[in-house]
Amino acid sequence: MQNSNPWLLIGGALSAAASLAHLAVIVGGPRWYAAFGAGKRMVRLAEQGAPSATLITLGIAAVLAVWAAYAFSGAGLLPRLPLLRLGLVAISAVYLIRALVFVPAVMLQTGQAGTFAWVSSAIVLVFGLAYAIGTWTTWGTLR
């Protein structure tokens with residue numbers, strides 16, 4: 001294993017925290033869905049006790065946990081995962097595209113972007129930069 005990369009450690013910790021936050025939302029119920037910025041449809045599904053709200057949120061939590069594992073693998077804390085370079089590049093891209101596209105997409109759809117759109121975009125921008133910088137600075141050791 002290579003030396004720990006602080007950027008990937010940060011990215012992994014952020015993704016792990018986001019995964020845990022999604023699990024907490026499930027436990028917290030409809031009020032937590034609303035407080036964390038879930039759309040009205042998701043809040044309504046949670047209020048109705050629809051399994052789809054839980055399954056969607058569990059799916060997001062699982063993806064974020066896998067992304068954390070990829071960051072920790074790239075940082076040398078976990079064994080090398082399959083397609084590590086491609087995975088880290090793809091994760092960086094997803095976070096950065098989400099950060100840069102969400103506010104304009106919301107504005108096109110509704111005419112305005114609320115606090116959730118701006119704050120969540122800023123948050124995932126930090127995530128994406130941590131992954132991108134970490135991937136770039138450790139690229140040579142990811143072979």
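Five residues, Ile 97, Leu 100, Val 101, Leu 125 and Leu 129, come together as a nonpolar patch on the surface, and their accessible area adds up to about 440 Å². A patch here takes in residues with over 30% relative accessible area and no salt bridge, with nonpolar side chains (Val, Leu, Ile, Met, Phe, Trp, Tyr) joined within 5 Å and like charges within 9 Å. A salt bridge, in turn, is a side-chain nitrogen of Lys or Arg within 4 Å of a carboxyl oxygen of Asp or Glu. The areas come from the Shrake-Rupley method with a 1.4 Å probe, and for residues only the protein chains shown count as cover.

All of this rests on a predicted model, in which local features need pLDDT of at least 70 and side-chain atom pairs count only at pLDDT 80 or more, while totals for chains, interfaces and linings use all residues. Residues are numbered from 1 along each chain as its sequence is written, and side-chain values use heavy atoms, with hydrogens and water left out.

Back to the patch: α5 (84-110) and α6 (115-138) each bring at least two residues to it, and α5 gives the most, with three. Leu 129 sits in α6. With a relative accessible area of 39%, Leu 129 is partly exposed; that label covers everything between buried (under 20% relative accessible area) and exposed (over 50%), using a 1.4 Å probe and protein chains only. Thr 115 is also found in helix α6, and at 63% relative accessibility Thr 115 counts as exposed. The C-alpha atom of Thr 115 lies 26 Å from that of Trp 67, with the two positions 48 residues apart along the chain.

Zooming out, the protein has six helices and zero strands, so the elements simply read α-α-α-α-α-α from the N terminus on, where helices (H or I, at least four residues) and strands (E, at least two) are DSSP runs numbered from the N terminus. The C-alpha atoms fill a box of roughly 50 × 30 × 20 Å along the principal axes. Of the 143 residues, 34% are buried.

How do the helices pack? One pair is α1 (residues 6-28) and α4 (residues 51-74), which meet at an angle of about 165° with their axes 8 Å apart. That makes α1 roughly antiparallel to α4. For angles, under 35 degrees counts as roughly parallel, over 145 as roughly antiparallel, 65 to 115 as roughly perpendicular, and the rest as oblique. The axes are lines fitted to C-alpha atoms, for helices over the stretch in contact, and the angles run from 0 to 180 degrees between N-to-C directions. The crossing of α1 and α4 is left-handed, meaning that the near helix is turned anticlockwise from the far one by less than a right angle (clockwise would be right-handed).

Each of these two helices offers a residue to look at. In α1 there is Ala 13, partly exposed with a relative accessible area of 40%. The C-alpha atoms of Ala 13 and Trp 67 are separated by 10.0 Å, although the two residues are 54 positions apart along the chain. In α4 there is Ile 60, which is partly exposed too, with a relative accessible area of 37%. From C-alpha to C-alpha, Ile 60 and Ala 50 are 16 Å apart in space and ten residues apart in sequence.

Helix α4 also packs against α5, at an angle of about 125° and with 10 Å between the axes. That makes α4 oblique to α5, and this crossing is left-handed. In the loop between α4 and α5 comes Leu 83, which has a positive phi of about 50° although it is not a glycine. Most residues other than glycine have a negative phi. At 61% relative accessibility, Leu 83 counts as exposed.

On the other side of α4 in the sequence, the loop between α3 (40-47) and α4 holds Gly 49. With 56% relative accessibility, Gly 49 counts as exposed. The C-alpha atoms of Gly 49 and Gly 29 are 9.0 Å apart in space, with the two glycines 20 residues apart in sequence.
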